[in-house]
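Open your viewer, load the model and keep the selection box handy. We will go from stop to stop, with something to select at each one.

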Amino acid sequence: MKLSRRSLLATTTATLAATAATAVPAHAAPGRAPAAGRRLRTGFEQLAADGYALLEGRRVGVVTNPTGITRDVRHIVDVMHADDRVDLTAVFGPEHGFRGTAQAGGSEGRHDDPATGLPVYDTYLKSGRPLADVFTASGVDTVVFDIQDVGARFYTYIWTLYDCMEAARLAGKRFVVLDRPNPMTGRAALGPVLHPEFATFVGRQPISQAHGMTVAELARLFNAEFLADPVRLETVRMSGWRRSDFYDASGLPWVPPSPNMPTPETALVYAGTCLFEGTNLSEGRGTTRPFELLGAEGIDGRWAAEANGLGLAGVRFREAYFAPTFSKFQGKTVGGVQLHVHDRDAFDPVRTGVGLLVTAKRAWSGFAWRPDNWIDKLTGSTRVRTMIDAGADTDEVVADWRDELAAFRRTRQEYLLYR
C-alpha cells in the first residue's frame, strides 16, 4: 500500500494524539494541579476527536498564531494540513504573525508558509471591508479562530476575533471559534468598562478591563451584542474546564501569546500592570519579568513601602532595580517594584494596577502620564487619570466604576458556557 505524505502524516498525527491523551504532562507547573479524573480538552481537541465533522466539505482558513497548538506541542495548522479530512487552504496571521516572528506593533505580512506551503494572509490592523476582501481573496468559506487569550480587554487578539467576525459576516463566510482557557480564570469581570468614544484596537467595544471570559464566550457576546448583524457563528467548547481554574490546572503547555507574555504568571498581573504603558515608567519590557517589574530612573524603596502599605489582597511588592534591554530606559538602571502574588484567589489585578499608579504618583515626583493620554484608551475613559490627578485614593477610583461593571456582569452572564 502506497501512502501519500499527507496520509502518512495523518496516521502519525492520530498515533501521537492517542499517546498524548493518556500521557501525564512532563512539564507539570507548580501550583494547582489538574483535578483528579478531570482532563481538559481544548476546542481543537474536541474538533479533532469528532473527526473534523464540523469542517467536512468546507474550504477552511485558520486565524491563529504560535499558541494554536496541541497538547503535544504541534501546531494545529501542521496537524490539519497533514489530515486528508480537512481542506485547509489558508492561514491568517494577527499581530506578531502566524509563526510569531514579529515584535509588538508588527506582523509577518503576506507570504507562503515554508512548512506547509499554505498562503498566509496578514490581518493586523485590518478590519471591515478591507479584511472581508482578504477573506474573499483567500477562497475560503469557513474561517476558524484558535488563539490563546490572556483575559484583558487591551490584549489585541480578542479584537482580532471581533474584526474577523465582522469581516466574515461582510464576506458571507461561516465562523468557527475553538475555545481555550482564560489563564486568569473565568470567575469574575473586573475593572472599568470601555466608554464607546474611547474605542481603539486595544478596546473595540464596552467590556470590562478584565473580562473573565473565554474566547468562545466573547464571540457569543460580540455576535449578539455588538455586531450590526450576526455572523454564522459556531463555537467548539472545551471539556473539563471550570471557571475557577488557573492555567496550570489545565495541564496544557504554555506558549507565549506575544513576546512579552512569557508565562501564565505574566498574564495574571497583566490586566492591571499594563496600565503603566500609559505612563513614563517602564512596564518591564526588555526584562525577563515584563509587567511584573515596574520602574523608572529616580525611584527608590519608598514606592514599594507605599504600595505594601495599601494592604492589597494576595500580593506583596519588593523594592527592585533592573536595566531594560529595549523599550523605555533601554540600557539604564532604574528603580521600582516587583510584584509577588502569593494568593492568586484573593489577588485583584485591576485594583492592584490602580493602587500602583496612585502610590507611584505619591512616591516619585517625576511621575507623568504619556503625553497622548494613552492611559485613557487602556482604562476606557478619562476617569482613572483625572481622579488620580485629583488625589483620589485606590478605593475611590475603584468605586467609580462599580455601576458600569455591575451592568456588564449582568450582560456577560447570558453568554457564559462553563460553571
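## Stop 1: the empty spaces inside

Begin with the voids: this predicted model has 3 cavities of 30 Å³ or more. Rolling a probe the size of a water molecule over the atoms shows where empty space is left. The largest cavity has a volume of about 50 Å³. To see its walls, select Thr67, Ile69, Gln148, Arg180, Tyr247, Pro253, Trp254 and Val255, which line the largest cavity. Colour that selection by class and you should find 5 nonpolar, 2 polar and 1 charged residues in the lining.

## Stop 2: the whole chain

Now zoom out and switch to a cartoon. The chain has 13 helices and 12 strands. Its radius of gyration is 22 Å, close to the 22 Å that the globule rule gives for 419 residues, so the chain is as compact as a globular protein of that length. Along the principal axes, the C-alpha trace spans about 75 × 45 × 40 Å. If you colour by accessibility, 57% of the 419 residues count as buried.

## Stop 3: the sheet of 7 strands

Show the strands E3-E4-E2-E1-E5-E6-E9: in that order they form an open sheet of 7 strands with mixed pairing. E3 and strand E9 (232-236) stand at the edges with a single partner strand each, so one side of each has no neighbour in the sheet. Strands of a sheet pair through backbone hydrogen bonds, either parallel or antiparallel. The next selections show both senses.

Select residues 174-178, which make up strand E6. How many of its residues are buried? The count is 5 of the 5, so strand E6 is largely enclosed by the rest of the structure. In a regular strand the side chains alternate between the two faces of the sheet. Turn on side chains here: Arg174, Val176 and Leu178 point one way from E6, Phe175 and Val177 point the other way, and all are buried. Add residues 142-146 to the view; this is strand E5, which runs parallel to E6 and is joined to it by 4 bridges. For a pair to label, valine 144 stands opposite valine 176 in E6.

Move on to strand E4, residues 119-122. Pro119 and Tyr121 point one way, Val120 and Asp122 the other way, and all are buried. Strand E2 (residues 87-93) pairs with E4 in the parallel sense over 3 bridges, and glycine 93 stands opposite aspartate 122 in E4.

Strand E3 (residues 111-112) pairs with E4 in the antiparallel sense over 2 bridges. Label the two partner pairs:

- Histidine 111 stands opposite valine 120 in E4.
- Aspartate 112 has proline 119 in E4 as its bridge partner.

E3 and E4 form a hairpin with 6 residues between them, and glycine 117 in the turn has a positive phi of about 80 degrees.

## Stop 4: the sheet of 3 strands

Select E10, E12 and E11. These 3 strands form an open sheet in the order E10-E12-E11, and the pairing is antiparallel. Strand E10 (293-296) and strand E11 (315-322) are at the edges, each with a single partner strand, so one side of each lacks a neighbour in the sheet. From one strand to the next, the twist averages 25 degrees. Strand E12 (residues 334-341) is antiparallel to E11 and joined to it by 8 bridges. Phenylalanine 322 sits opposite valine 334 in E12.

## Stop 5: three loop residues

Select aspartate 149, in the loop between E5 and helix H5 (157-171). Is aspartate 149 buried or exposed? Its relative accessible area is 4%, so aspartate 149 is buried. Draw a distance line to proline 183: the two C-alpha atoms are separated by 7.9 Å, though the residues are 34 apart along the chain.

Next comes valine 73, in the loop between strand E1 (59-64) and helix H3 (76-81). Valine 73 has a positive phi of about 60 degrees although it is not a glycine. With a relative accessible area of 56%, valine 73 is exposed.

Finish at asparagine 373, which lies in the loop between helix H9 (349-363) and helix H10 (374-379). Asparagine 373 has a phi near 55 degrees, a positive value in a residue other than glycine. At 26% relative accessibility, asparagine 373 counts as partly exposed.

Technical notes. Residues are numbered from 1 along each chain as its sequence is written. This is a predicted model: local features need pLDDT of at least 70, side-chain atom pairs count only at pLDDT 80 or more; totals for chains, interfaces and linings use all residues. Side-chain values use heavy atoms; hydrogens and water are left out. On a 1 Å grid over the protein atoms alone, a cavity is a set of points where a 1.4 Å probe fits but cannot get out, and a pocket is an open set with protein on both sides within 12 Å along at least five of seven lines; lining residues have an atom within 4 Å of a point. Grid points are joined across faces, edges and corners, and a volume is the space filled by probe spheres set on the points. Ala, Val, Leu, Ile, Met, Phe, Trp, Tyr, Cys and Pro count as nonpolar, Asp, Glu, Lys and Arg as charged, and the others, Gly among them, as polar. Two strands pair if DSSP finds at least two bridges between them. Axes are lines fitted to C-alpha atoms, for helices over the stretch in contact, and angles run from 0 to 180 degrees between N-to-C directions. The radius of gyration is taken over C-alpha atoms; the globule rule is 2.2 Å times the number of residues to the power 0.38. Buried means under 20% relative accessible area, exposed over 50%, partly exposed in between (1.4 Å probe, protein chains only).
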